[in-house]
Amino acid sequence: MCAARRTATADELGRDRDALDLVAFNLMRVVQSCADIASHLIADEGWPAAASLGAAFERLREEHVISAPVCEALTRAVGLHNVVAHGYAGVRPEMIHAAATAGLADLEGFSKEVATRTENRG
């Protein structure tokens, strides 16, 4: 995810508008991809459709596909997705930097937990 453009600090990221835009856009894309995966899994399992992106992660938690911490993290990530996608009040470099550093573990957790579920489907 444009790791070469990710900077050491939020201040550095804020000073490099191109890097900020690239990292923010790619974070938005990965959150959307997670939501798409959640929606496909919900449909494949025949569970009730989720009314929103965040609700899709809640449904996966309810069905024991993902853990509560991963659900909470991805639900918060939907807020970031919306800020980037719709340009709400501008994108804050500190929010993007945090998501591109510490938030990557949440995305990896989602991937692992969903993979475990799909591998165990018989």
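Reader: How far does helix H4 reach from its first C-alpha to its last?
Author: This is a predicted model, where local features need pLDDT of at least 70 and side-chain atom pairs pLDDT 80 or more, while totals for chains, interfaces and linings use all residues. Residues are numbered from 1 along each chain as its sequence is written, and side-chain values use heavy atoms, leaving out hydrogens and water. Helix H4 (a DSSP run of H or I, at least four residues, numbered from the N terminus) covers residues 68–86, 19 residues in total. At 1.5 Å times one less than the number of residues, 27 Å is expected, and the reach is close to that: 27 Å.

Reader: And which residue follows H4?
Author: Look just past the end of the helix for a positive phi, near 65 degrees. That residue is Gly-87.

Reader: Which helices help cover the buried residues of H4?
Author: Buried means under 20% relative accessible area with a 1.4 Å probe, protein chains only. In H4 the buried residues include Val-70, Ala-73, Leu-74 and His-81. The cover over the buried residues of H4 includes helices H2 (17–45), H3 (53–62), H5 (93–101) and H6 (104–120).

Reader: H6 is in that cover; is H4 parallel, perpendicular or oblique to H6?
Author: H4 and H6 have axes (lines fitted to C-alpha atoms over the stretch in contact, with angles from 0 to 180 degrees between N-to-C directions) 9 Å apart, at an angle of about 125 degrees. Val-70, Ala-73 and Leu-74 of H4 make the contact (heavy atoms within 4.5 Å) with a group on H6 that includes Leu-107 and Phe-110. Oblique is what is left once under 35, over 145 and 65 to 115 degrees are taken out, so H4 is, relative to H6, oblique.

Reader: What is the handedness of the H2 and H3 crossing?
Author: The axes of H2 and H3 come within 9 Å and cross at roughly 55 degrees, which means H2 is oblique to H3. Among the residues in contact are Ala-35 and Ala-38 of H2, and Phe-57 and Leu-60 of H3. With the near helix turned anticlockwise from the far one by less than a right angle, the crossing of H2 and H3 is left-handed.

Reader: How are the rings of Phe-57 and Phe-110 arranged?
Author: They form the one aromatic pair in the structure, with pairing set at centres within 6.5 Å and planes over 60 degrees apart counted as edge-to-face, under 30 as stacked, the rest as tilted. Phe-57 sits in H3 and Phe-110 in H6, 53 residues apart, and both are buried. The centres lie 5.7 Å apart and the planes are at 90 degrees, so the pair is edge-to-face.

Key
Helices (H or I, at least four residues) and strands (E, at least two) are DSSP runs, numbered from the N terminus. Buried means under 20% relative accessible area, exposed over 50%, partly exposed in between (1.4 Å probe, protein chains only). Rings of Phe, Tyr and Trp (its six-membered ring) pair if their centres lie within 6.5 Å; planes under 30 degrees apart count as stacked, over 60 as edge-to-face and the rest as tilted.
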